[in-house]
Amino acid sequence: MSEKKIPYKIYLEENEMPKAWYNMRADMKNKPAPLLNPGTLEPMKAEELAPVFCDELIKQELDDTTAYFEIPEEIREFYKMYRPSPLVRAYCLEKKLQTPAKIYYKFEGNNTSGSHKLNSAIAQAYYAKKQGLKGVTTETGAGQWGTALSMACSYFDLDCKVYMVKVSYEQKPFRREVMRTYGASVTPSPSMETEIGRKILAEHPGTTGSLGCAISEAVEKATKSEGYRYVLGSVLNQVLLHQSVIGLESKTALDKYGVKPDVIIGCAGGGSNLGGLISPFMGEKLRGEADYRIIAVEPASCPSFTRGKFAYDFCDTGMVCPLAKMYTLGCDFIPSANHAGGLRYHGMSSTLSQLYDDGLMEAVSVQQTDVFKAAEYFARIEGILPAPESAHAIKVAIDEAVKCRENNEEKTILFGLTGTGYFDMVAYEKFNDGVMSDNIPTDEEIAVSLAKLPRVDK
């Protein structure tokens, strides 16, 4: 029996928590294009990635044939603090909307970091500790990833250096302080600490920063610090692998009650939450075992899927990282200072980009004020204050439920509630005060950025 045909149930704990991560790439006919060396434009080799990433994580990053990776016992023990996470039927929302649709959401905010990011943070910290490293560096947008990584590093007694996108550093001071409470050092990016940071500030004076900028700084810091490696909270294949616990738990719970979702919805910035949520469902779709309608929701201010180009591009603004083939707005694109900081990335996961290009999923973009209207509506009805990122999925889930009411269709909707918004009160304050705006890039602005894409004949 091939590895792909092994029933997933053998990989479940007694409490139905996964014992293995699922790798969607193993079932993809069209594999994601390889990372390219920016100097030679040849596929990156493990030894070339070694100065940046942990050794075991490199193996996971480059493996597109192994369907399941067993989760180490130390990580499973940590997961038991907050997993399995709740899969909730939104009865109150269904009633309020007067929809025949059944709405479920997977809630990932029931841990101190407040989001799904801890699923991969603890894995990456574990492999760094196992390798004998002193510490790790990273970037963070809204702060969920930085918070999760600082918590994971504290658990394994590792040093943690976080470059936080400047606008989020200023908008979310309490998220910053949680990181510092767990022992991390936090620097607003771009900064004067690195060569790349100084270069970006010289070229873009007064910039509010972006994830692409922060990634560049974190990579430079790691490569110039002995005993350190860089870790990333989204985009990479290894991150989608670790986040597959979200979808695996969701499917296990739904299967237990004989429920099959018709529509699966997730917010999309770099792809960590969306990729994790859809993983086992997309696996069935790829193998021809079932079909699902999958919708990626991104901000109109940073519309990688819906207005970007599927091409090789740098993963960072400083152009020091490998090239990835993905839907991108151009690595030089710096989005407006919208409040969904975790979605302010110029590109998208190579795996999700390939699936989208193959027509296996859809994408929509939504405006910031509409997102916060949905967030407020959900909070008042379901009792959870969602993170701005999560509210993108809520907005489209509500839209789909309303369509079911209008068409009298009894569909089942599943969406990812990636985390809580209790550190995002500045954003809610601006919304409540009526001073929140929608900043959507023009075609000309995107065209200028895309014109700078590297020329890669691959």
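Let me start with asparagine 408, which sits in the loop between α16 (388-407) and β14 (412-417). Its phi is positive, about 55°, although the residue is not a glycine. Asparagine 408 is exposed, with a relative accessible area of 63%. Before I go on: what you have in front of you is a predicted model.

Why begin with a backbone angle? Most residues other than glycine have a negative phi, and most peptide bonds are trans. I will go through the exceptions, then the sheet, then some buried parts.

Aspartate 157 is another non-glycine residue with a positive phi, near 60°. Its place is in the loop between α6 and β6. Is aspartate 157 buried or exposed? With a relative accessible area of 63%, it is exposed.

There is also a glycine to mention here. Glycine 434 follows α17, and its phi is positive, near 75°.

Next, the cis peptide bonds. One joins arginine 83 and proline 84, with omega about -5°. Proline 84 belongs to the loop between α3 (73-79) and β3 (87-89). Another runs from serine 189 to proline 190, where omega is near 5°. That proline, 190, lies in the loop between β7 and α9 (195-203).

β7 brings us to the sheet. Four strands form an open sheet in the order β7-β6-β5-β8, and the pairing is parallel. Which strands are at the edges? They are β7 (185-189) and β8 (228-230), each of which pairs on one side only. On average, neighbouring strands of this sheet are turned by 20° against each other, direction ignored.

Looking at one pair within it, strand β5 (residues 135-140) and strand β6 (residues 159-165) are joined in the parallel sense over six bridges. Threonine 137 has lysine 161 as its bridge partner in β6.

Helices pack on this sheet. Helix α6 (residues 144-156) touches β5 and β6, and its direction makes about 165° with that of β5. Helix α8 (residues 173-181) touches β5, β6 and β7, with its direction at about 170° to that of β6.

After β8 comes a loop that leads to α11 (237-256), and valine 235 lies in that loop. Valine 235 counts as buried, at 9% relative accessibility. What does it touch, once residues up to four places away in sequence are not counted? The contacts of valine 235 are Leu240, Gly270, Tyr345, Ser349 and Ser350. As for sequence distance, valine 235 and leucine 352 are 117 residues apart along the chain, yet their C-alpha atoms are 8.9 Å apart in space.

Now to strand β11 (residues 309-314). Five of its six residues are buried, so the strand is largely enclosed by the rest of the structure. β11 pairs with strand β12 (residues 323-328) in the antiparallel sense, over six bridges. In that pairing, tyrosine 312 stands opposite lysine 325 in β12.

The loop between β11 and β12 holds threonine 317. This threonine is buried, with a relative accessible area of 10%. A polar atom of the threonine 317 side chain lies 3.2 Å from the backbone nitrogen of cysteine 213. Leaving aside neighbours within four places in sequence, the contacts of threonine 317 include Ile200, Ser210, Ser216 and Cys331.

With cysteines coming up in those contacts, how many disulfides does the structure hold? Zero. Take cysteine 321: its closest cysteine sulfur is that of cysteine 315, at 6.0 Å, and this is too far for a bond, given a cut-off of 2.5 Å between the sulfur atoms. Cysteine 321 is buried, at 7% relative accessibility. For cysteine 404, the closest cysteine sulfur is in cysteine 92, 19 Å away, again too far for a bond. Cysteine 404 is buried as well, with a relative accessible area of 2%.

Last, helix α17 (residues 425-432), the one that glycine 434 follows. Its buried residues are Ala427, Tyr428 and Phe431. Seen down the axis of α17, these fall within an arc of 95°, so they line one face of the helix. What do they pack against? The buried residues of α17 pack against α15 (368-382).

That is where I will stop.

Key. Residues numbered from 1 in each chain as written. Predicted model: local features only at pLDDT ≥ 70, side-chain atom pairs only at ≥ 80, totals over all residues. Heavy atoms only, no water. Buried < 20%, exposed > 50% of the residue type's maximum accessible area, 1.4 Å probe, protein only. Helix = DSSP H or I, 4+ residues; strand = E, 2+ residues; numbered from the N terminus. Pairing = 2+ DSSP bridges. Polar contact = N/O pair within 3.5 Å; in protein donor to acceptor, adjacent residues only side chain to side chain. Contact = heavy atoms within 4.5 Å. Arc of directions from axis to C-beta. Axes fitted to C-alpha atoms, helices over the stretch in contact; angles between N-to-C directions.
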